[in-house]
Amino acid sequence: MPVVALVGGQWGDEGKGKVIDSLAAKAHMVVRYAGGDNAGHTTVNPHGTFRLHLIPSGIFYHDVRCVIGNGVVVNPAVLLREIAELRERGVDTRNLVVSDRAHLIMPYHTLLDKLEEQRRGQGAIGTTQRGIGPAFVDKVARTGLRVGDLLNATVFRSRLEEVMEQKNALLTSLYRHPAISVDDVYKQYMDFGAQLRWHITDTLPLIHDSIARGETVMLEGAQGALLDTDFGTYPYVTSSSPLAGSATLGSGIGPTLIDRVMGVFKAYATRVGSGPMPTELKDDMGDFIREKAGEYGATTGRPRRCGWFDGVGGKFSVRINGMTEVALTHLDIFDGFESIKICTGYMVDGNFTTDFPTRVETVARCEPVYEELPGWEERTEDISDFRQLPVNARNYVATISRLIGCNVSLLSMGPKREQMIEVPS
Ligand code: IMO
Ligand code: MG
C-alpha cells in the first residue's frame with residue numbers, strides 16, 4: 001500500500017488514531033495534513049493510552065517518520081507539551097518533523113476563537129476553542145505566521161508587530177478586551193522556536209523521497225467529511241478540509257500519488273458541537289451508546305451526541321473523498337443489541353432522498369428513514385477471523401457497504417491495536 005490517505009467519514013472521532021496506530025506497523029511515514037489540535041486521536045498500545053492532538057499516530061514505532069505537514073495549524077505550546085508527555089512515557093520523538101510551511105496558532109487566535117463563540121451566543125458553533133478557525137482565517141488572509149518564521153527572529157518580530165497592531169485593534173475595540181503584549185508573545189514564541197528547532201524543516205523532500213523509494217506513506221486525516229468547510233453542514237463546520245483532496249495540498253504531493261483512500265467510519269454516528277445530525281438519538285438509546293462507548297470528547301471532554309449509522313451521510317462522504325475502502329470501528333458496541341437501526345434515506349419536505357442536502361436548514365428538517373436489522377448476542381471484541389463473527393454482524397457490515405457504495409475492508413472491535421480484522425473481499 002504505497003500511499004494511502006486515511007480520512008474521517010463522519011463528524012470526526014471515528015477512531016482514526018487507532019486504525020493508523022495499527023496500520024503504521026507496516027508504514028515508513030505518517031503525515032498529518034489538516035486541522036490542528038482540535039483533533040484528538042486516541043490510541044491504546046503497549047506504551048499505554050494516549051490522546052494525540054498534533055503528533056501523527058505513527059509515533060509509537062521508532063522507525064516510522066512522523067510529519068506534521070504544511071496543511072496543519074500548529075500551536076507550538078501544545079506540540080511541546082505533547083512531545084514532553086510522550087518522552088516522559090518512554091516514546092521516542094526524534095522521528096518527528098514539522099513543516100516550516102505550517103501556520104502557527106498564536107495566542108490571539110485562541111482568544112479570538114473564544115470571544116467569537118461568545119459573540120455568536122445561541123448560534124455558537126461549539127468549536128474546540130483551540131484557535132483553529134482564526135488561524136486558518138489569517139492563513140488565507142495572508143496575515144499568518146509560519147513555523148519556519150520561528151527560526152528567523154527579525155522576520156518574526158516585524159511580521160508579528162504588523163499583525164498584532166490589527167489584532168489588538170480588534171480585541172480592544174470590538175471585544176473590549178485588553179490588548180496583548182507584542183513583547184510577551186515575541187519572547188514566548190522565540191523560546192518555542194529554540195525548543196522545536198531540530199524538528200522544523202522543509203518536509204517536502206522527505207515525503208517525496210520516501211514515496212520515490214516505494215515506501216508506505218500514510219496520510220493521517222483529522223476531523224471528518226461532514227465537518228468539511230465546503231461540504232459539511234456549513235457554518236457548523238471546521239475551518240480546514242478533512243477530505244482526501246486536502247491530503248494532497250496539506251502534504252505537498254499531487255493527487256496522482258495517492259494510491260488508496262481509506263475512509264474510517266464508526267458503526268454508529270457521533271457529533272460533538274452544534275449543527276444538525278439527522279440520526280441523533282435524544283433518548284435512552286443515545287445515552288446508552290454514549291456510556292457504553294465512552295463517547296466523551298478527547299479534546300474538550302464534552303459528551304458526544306450519539307445516533308444510528310447514517311447511510312446518506314456515508315454515501316456522500318465516500319463520494320467526496322473518492323474512498324477505495326472503509327475501516328469500520330466500534331462494531332462491538334452493538335454486541336447484545338436485539339436490533340440495530342440504520343438510516344437508508346431522508347424524508348424532507350415530503351420527498352425521499354439519499355443525497356445529503358447542501359443547506360444546513362434543510363439537513364435540520366431531514367427525518368431519517370430506517371431499516372431495522374437483527375442484532376447479535378455474542379461478544380465480538382476478541383474475534384480475530386471475520387468468518388467467526390455472528391452472521392447478523394456480518395450482515396450489518398454488508399448493509400453498510402451496500403448503502404455507502406464502498407467495501408468495508410477492515411473491522412475494529414475494542415480499543416487495542418491488535419483488535420482489528422480484515423474483511424475478505
Ligand atoms: P478528530 O480528528 C470531532 C468539531 C468541533 C466543532 C467544529 C468546529 O478527533 O476527529 P473547530 O475547533 O475545529 O473550529 O470546531 O468541529 N471538531 C471535531 N469534532 N472530532 C474532531 O477531530 C474535531 N475537530 C473539530 O467540535 O463542532
Ligand atoms: Mg477526536
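**View 1. Helix α1 lies across strands of the sheet.** Helix α1, residues 16–23, crosses β1, β2 (29–32), β10 (217–220), β11, β15 (325–329), β19 (408–412) and β20, and runs at about 160° to β1. Helices (H or I, at least four residues) and strands (E, at least two) are DSSP runs, numbered from the N terminus. Contact here means heavy atoms within 4.5 Å, and angles, from 0 to 180 degrees, are taken between the N-to-C directions of axes fitted to C-alpha atoms, for helices over the stretch in contact. Helix α12 (residues 391–404) also has its place here: it lies across β11, β15 and β19, at about 135° to β19.

A word on the model: it's predicted, so local features need pLDDT of at least 70 and side-chain atom pairs pLDDT 80 or more, while totals for chains, interfaces and linings use all residues. Residues are numbered from 1 along each chain as written, chains are lettered from A and ligands numbered from 1 in written order, and side-chain values use heavy atoms, leaving out hydrogens and water.

**View 2. Here's the open sheet of 10 strands.** The order is β9-β7-β5-β2-β10-β1-β11-β15-β19-β20, with mixed pairing; two strands pair if DSSP finds at least two bridges between them. At the edges sit β9 (200–201) and β20 (420–422), each pairing on one side only. Strand β1 (residues 3–8) runs parallel to β11 (residues 260–266) over 5 bridges, with Leu6 opposite Met262.

**View 3. Strand β7 (residues 96–99) is buried on both faces.** Leu96 and Val98 point one way, Val97 and Ser99 the other, and all are buried, meaning under 20% relative accessible area (over 50% is exposed, in between is partly exposed; 1.4 Å probe, protein chains only). β5 (residues 65–68) joins β7 in parallel through 3 bridges, and Ile68 has Val98 as its bridge partner. β9 is also parallel to β7, with 2 bridges, and Ser99 stands opposite Thr201.

**View 4. Asp13 and Gly40 hold out donors to the magnesium ion (ligand 2).** Asp13 (OD) and Gly40 (O) lie 2.0 to 2.6 Å from the ion. Donors are N, O and S atoms within 2.8 Å of the metal (3.2 Å for Na, K and Ca), and water isn't among the atoms, so sites may look incomplete. Asp13 comes from the loop between β1 and α1, Gly40 from the loop between β2 and β3 (41–45), 27 residues apart. Asp13 counts as partly exposed because its relative accessibility is 22%, whereas Gly40, at 13%, is buried.
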